[in-house]
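Here is a short, friendly tour of a few spots worth finding in the viewer. Have the sequence at hand as you read.

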Amino acid sequence: MLSACAPKQAKLAASSQGKPIQAEKVSIDVPGPNPGKEIVGDSTRPSWVYYQYGLQAMDNNQWAVSKHYLEESLRLLVTEKYDSTKSGLSRFEDSIYKMQMPVRIVQALEEVYPNLSEQDGSDSTSTDSLSIDGVDAYDENAADSASMRVIENFLDTVDAGRFSLPIRFNERVMQEIYYMTTTARGFITRSLTRKTAYDSLIYTKLAQKRMPRDLIYLALVESGFNVKAYSRAKAAGMWQFIPETGIRYGLEVDFWVDMRRNPEMATEAALSYLSTLYAEFGDWLLSMAAYNCGEGRIRRLIREKKADSTWGNRPVTYWDLQLPQETMHYVPRILAAMVIGHYPNHYDVSITKRQLPAYDTVTVYDSFSLDEIAKFLKVPEDTLRTLNMELTMWCTPPNRDAYLLRLPYGTRAAFVQNYDRMEKNGFSSWKEHKVRKGESIGVIAQQYGVRVAEIQRANDLKKTKLKPGRTLLIPIKVAPRRSTGKKPTKVRTYVVQLGDNLASISRRFGISQESLRVWNNIEAGYNVKKGDTIFVSKPDLKPTSFVQQRVALKKGEKYVVKAGDTYAEIAKKYKVPVFLLLQANSGFTKRLTIGDSLAIPAYVRPPRKMSKAVEEDVPVEVAKAVETDSKKSSKSSKKSAEKPAESAKSSKKAPVSTTIIYTVEAGDNLFAIAKKYSTTVAAIREMNDMGNSSNIKVGQKLKIPGSAAPAPSAPKVEEITHVVKKGEGLWDISRQYGVTIEDIVKWNGLKDTKIKINEKLKIKTTKKPKK
């Protein structure tokens, strides 16, 4: 099949303008009606090039695109004339080509039309909605002098300073403005309409990276803001990444997913790429040119320009370089789109505002078919495909431990309720099989021990007829491996450094950005910051079993969040501190949403009086320690009775010390334990020789200091107002005043733990804040 070639190759081959293309003989790889004669194609013939584009689109199931190229190939074949000076074919080869090619094209169209009709007239039948090279798919039409004068007169009134990209209103830019407002008017209108749906996403990311806002028009020229765009050079998505560049910037591409079609991740990758180019060239126009034709070419041309003795020390700009014809049009076209986008009314371009559909997200640990999910949620399957554009097959990826699935807004609760009822894909391995001549789908199914229907479903086949050379995905059922008895692999963590982001971390450790988000509960749109500690290998995604709760819950059962629930209300219902509930469910970094499954941590409320610890069902070790200490205290009291009255009085005032042995449980920390037993973290550290460390492990036994003497009179409690400073969280504030997060949430009626800068919080404390 045709390899990735430069855009506009077919156009240049059909035109006398520009440099002629080197003729190249290539043989067709599709068996024909006359196997005795081999058809030889010529890469300079537009009919041959368009035919190859059509076949490539068929392989990618882009039926509308394939129809467009095949019909164009047939039309060009009729009008082409043999030219011995340009063609690489002999007259005999040319005659065979003209006899056999119509048959080949018609055979291909016979396969395309049935698949095209099955799309039921959706937008995918439109050439523009499945744009190949965005605006480059249209023929150019040069403006005459009168039209140029009209464009120039308007541009004379425009302030170039209102644009965030450097612009010259020269002839090349004006020609592109004319082209896009005449021949390509339909494209620019639809593209600017689609742009309104992504404005918020792209402008926000541009602002975060402090990049020019008008770089958004690069995506218009690349794809017309069509996330399904797929080019003949195998570039895909809104920002048209080829697979190699996409993977380099964290966009995973495999059989199951193509993250280049994820608008948010692709935008992040494109802006990172452009930032890297700008860091090298220091010029946004050169950076955009390098985005199109490659930084290596721009680097070489600049080096050659500077090596020219006549050039001197002048800086090299985009306008000084002689670039490939596509790139010569590419940058002026972006600038032209920018002008039209700023003044649509002047150019009589009507824009209809659009919005992206709202959605919920849920992390799935199994592979589900989209039609199965759609059936339980009672929504069209196409709705799920639209929300999860990166999915290239019929199901969520089976080769991942977890996948963040987007659902129609308001359906998350229904998905969670039906999770166990939905049929999961019972295949744990997949094998690729290249169809050989004479093989049928039944023979292949028998070879691998699977059903024909399973192969059809895995490859989205409507028919059982197979084309030789096609690669099929075969689902293989593998028996689960027995436990080896080895300890699980140690979970790796990484402390985020200055300049790190999810893309750079994913490249460093060879993992996907999506995995990082799932493992660390990072919401879409959020990134990491310096000092964060994150998982860079799969943690234990399955929550550990919890001890029986005070409210009746079956073993291993979790609480499913309902409408109106808050962490504080749930904690109150199950009689656990809000702090422990937040800690057990990553509540400090994760927002509570309907349908979430919360683990309720085990919690034993501490006794109010330490002298009654044995009666309150404390551990056996604690009871023994209290009993021992009480015996010691009784002996000392007998001795003191023999002393004078003064010493007897002093002995009564002396407190009776107790030592409690506490076994650390899941979710515990020193602060919570100290509060349980009315002591301090410093006292626990001192008794257990811990120094300044706060690290404890589940199952560890700690000595807890206590006293049987009556508690001293409570100090005066004052209510103060704390103004939240930048970087502060509830944890920082609670430690500053010696209170708990649960108290702060309760005193201020907070629904969750999120607070804002300059927000005023009521604090009841006996401790004066540190200045």
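## A covered helix

In this predicted model, helix H13 covers residues 325–342. Because each residue adds 1.5 Å, its 18 residues should span 26 Å, and the end C-alpha atoms are 27 Å apart, which agrees.

H13 is also mostly covered, with 16 of its 18 residues buried.

## Two residues with positive phi

Some background helps here. Most residues other than glycine have a negative phi.

Phenylalanine 225 goes the other way: its phi is positive, at about 60°, although it is not a glycine. You will find phenylalanine 225 in the loop between helix H8 (216–223) and helix H9 (243–248). Is this residue buried or exposed? Phenylalanine 225 counts as buried because its relative accessibility is 1%, and the cut-off for buried is under 20%.

Aspartate 689, also a residue other than glycine, has a positive phi near 50°. Look for aspartate 689 in the loop between helix H26 (681–687) and strand S12 (701–707). Aspartate 689 has a relative accessible area of 71%, so it is exposed; the cut-off for exposed is over 50%.

## A positive patch on the surface

Which residues form a positive surface patch? The members are Lys572, Lys746, Lys762 and Lys764.

One of them, lysine 746, sits in helix H28, which runs over residues 741–748. Lysine 746 has a relative accessible area of 68%, so it counts as exposed.

Note on methods. Residues are numbered from 1 along each chain as its sequence is written. This is a predicted model: local features need pLDDT of at least 70, side-chain atom pairs count only at pLDDT 80 or more; totals for chains, interfaces and linings use all residues. Side-chain values use heavy atoms; hydrogens and water are left out. Patches are made of residues with over 30% relative accessible area and no salt bridge: like charges are joined within 9 Å, nonpolar side chains (Val, Leu, Ile, Met, Phe, Trp, Tyr) within 5 Å. Accessible areas come from the Shrake-Rupley method with a 1.4 Å probe; for residues, only the protein chains shown count as cover. A salt bridge is a side-chain nitrogen of Lys or Arg within 4 Å of a carboxyl oxygen of Asp or Glu. Lys and Arg count as positive and Asp and Glu as negative; His and the chain ends are not counted. The place of a charge is taken as NZ of Lys, CZ of Arg, CG of Asp or CD of Glu. Helices (H or I, at least four residues) and strands (E, at least two) are DSSP runs, numbered from the N terminus. Buried means under 20% relative accessible area, exposed over 50%, partly exposed in between (1.4 Å probe, protein chains only). The expected span of a helix is 1.5 Å times one less than its number of residues.
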